[in-house]
Amino acid sequence: MDSTGAVWLPEAASTVAGEVDALFYFIFYASLFFFVLVTSAMVYFAIRYRKRGKRVLTSSISHNTALEVTWTVIPTILVFVIFIWGFKDFLNLHVVPRGATEIKVTGQKWFWSFDYPEGLSVVNELTVPVNKPIKLLMASKDVIHSFYVPSFRVKMDVVPNRYSIIWFEATQTGEYNLFCTEFCGKGHSEMIGKVNVVTEEEYEDWLLENADPSEGLTMEEFGAKLYKSKACVTCHTIDGTASQGPSFLGIYGKNEQLTDGSSVLVDENYLRESFLNPAAKIVKGYQPVMPPYQGLLNDKEVDALIAYIKSLSQ
Ligand SMILES: [Cu+2]
């Protein structure tokens, strides 16, 4: 069945998508068939046997065995077909093939981070090679999120204190949408990412290129890049307008009011602490929703972000 960008479903771009779609269409058309059958019979009977003229009594009919057996046996067979078919697909979706590349996925308010076996860590953009099975080992840092790539037909809850596992094998190169499909708070609608499916060679190049993302950049430029790539941009602006968190414009060197009534000078140490352990000091007027970046930023990245934030106060 060809389902490329069909009316009901987005394009199918993974090995399991065809199976999922086939079952979807089977249930859909079977339901449509019975809907039309039952509704037409109902309308026909309503008209054919409507009350007209003098009241005529029918003879007493208690039941019709042949008819009742038919309308019991056919739906029973149908639901068994759907169950067995669905269970087979369920197993296919959950049993990871041997030799799959394992990528660690972390959901947190409100972005995704991906850790590769090569040591690389990226945010909101999952790059994978085409025609290779990819295993995702997923966990959440805070609330329940849900990992959903419609074009691959994979969807799985991402829960704190537990790993959930899903796998896929992309069948065509391109850029696909990644959504969080569990309402996870105020910034839920911004928890959007991308899956870039590239050829094997492009994937190798990408791994090499990103081995040192700071190459050829000054600390400030590297910080500006991290501001976007580490998703600070979802909650902090650089133009002075407040978002989920305070703007970075002009904060360095200023006295920040905290919720506990005290104030603190925004210097290098305060900035570092704000990245790694944001709950330590909460800025007045804001909710403590920033995820701790401990383990998500290395020393060089912390330094680069500090340099970038300082550059916004000159
Ligand atoms: Cu979420």
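This talk walks through one protein chain, from its division into domains to its helix contacts, its sheets and two points in its backbone.

Thank you for coming, everyone; before anything else, please keep in mind that what we are looking at is a predicted model. The chain is divided into domain 1, which takes in 1-47 + 63-95, then domain 2, covering 101-211, and domain 3, covering 219-311. If we take the centres of domain 1 and domain 3 over their C-alpha atoms, 53 Å separate them.

Let me begin with domain 1 and its helices. Helix 1, made of residues 17-48, packs against helix 2, made of residues 65-94, with the two axes 10 Å apart and an angle of about 160° between them. Because angles over 145 degrees count as roughly antiparallel, helix 1 is described as roughly antiparallel to helix 2. The crossing of these two helices is left-handed. Which residues of helix 1 make the contact? On that side they are Glu19, Val20, Leu23, Ile27 and Ala30, while helix 2 brings Leu78, Ile82, Trp85, Gly86, Asp89 and Asn92. Sorted by class, the contact of helix 1 with helix 2 holds 7 nonpolar residues, alongside 2 polar and 2 charged ones.

Now to domain 2, where I would like to take the strands sheet by sheet. One open sheet has 5 strands in the order 3-2-1-5-8, and its pairing is mixed. Its edges are strand 3 (121-123) and strand 8 (164-169), each of which pairs on one side only. From one strand to the next, the twist in this sheet averages 25°. Within the sheet, strand 1 (residues 101-108) and strand 2 (residues 111-115) run antiparallel and are joined by 5 bridges. As one example of these pairings, Thr106 has Ser113 of strand 2 as its bridge partner.

The loop between strand 1 and strand 2 deserves a pause, and it is where Trp110 has its place. The peptide bond that joins Lys109 and Trp110 is cis, with omega at about -10°.

The other open sheet I want to show also has 5 strands, here in the order 4-10-9-6-7, again with mixed pairing. Which strands lie at its edges? They are strand 4 (125-129) and strand 7 (154-158), and each of them pairs on one side only. The twist in this sheet averages 20° from one strand to the next.

Further in, strand 6 (residues 145-149) pairs with strand 9 (residues 174-180) in the antiparallel sense, over 2 bridges. In that region Phe147 stands opposite Cys180 of strand 9, and Tyr148 has Phe179 of strand 9 as its bridge partner. It may help, when you look at the side chains, to recall that in a regular strand they alternate between the two faces of the sheet. Strand 9 also pairs with strand 10, in the antiparallel sense and over 6 bridges, and there the bridge partner of Asn177 is Lys194 in strand 10.

Helix 3, made of residues 200-211, lies across strand 4 and strand 10 (192-198), and it runs at about 135° to strand 4. If you then follow the chain from strand 4 towards strand 5 (133-140), you will find Asn131 in the loop between them. Asn131 has a positive phi of about 55°, although it is not a glycine.

Finally, we come to domain 3, where helix 6 (residues 299-311) and its contacts with two other helices will occupy us. The axes of helix 4 (residues 219-229) and helix 6 come within 7 Å and cross at roughly 100°, which makes helix 4 roughly perpendicular to helix 6. From helix 4, the residues in this contact are Met219, Glu220, Phe222, Gly223, Ala224, Leu226 and Tyr227, and they meet Glu301, Asp303, Ala304, Leu305, Ala307, Tyr308 and Ser311 in helix 6. By class, this contact divides into 9 nonpolar, 2 polar and 3 charged residues.

How, then, does helix 5 lie relative to helix 6? The axis of helix 5 (residues 268-276) comes within 10 Å of the axis of helix 6, and the two cross at roughly 120°, which makes helix 5 oblique to helix 6. This crossing is right-handed. Here Glu268, Leu271, Arg272 and Phe275 of helix 5 meet Val302, Leu305, Ile306 and Ile309 of helix 6. The contact of helix 5 with helix 6 has 6 nonpolar and 2 charged residues, with no polar ones.

Note on methods: Residues numbered from 1 in each chain as written. Predicted model: local features only at pLDDT ≥ 70, side-chain atom pairs only at ≥ 80, totals over all residues. Axes fitted to C-alpha atoms, helices over the stretch in contact; angles between N-to-C directions. Helix = DSSP H or I, 4+ residues; strand = E, 2+ residues; numbered from the N terminus. Parallel < 35°, antiparallel > 145°, perpendicular 65-115°, else oblique. Left-handed = near helix turned anticlockwise from the far one by under 90°. Contact = placed C-beta atoms within 7 Å. Nonpolar A, V, L, I, M, F, W, Y, C, P; charged D, E, K, R; others polar. Domains from an automatic or database assignment. Pairing = 2+ DSSP bridges.
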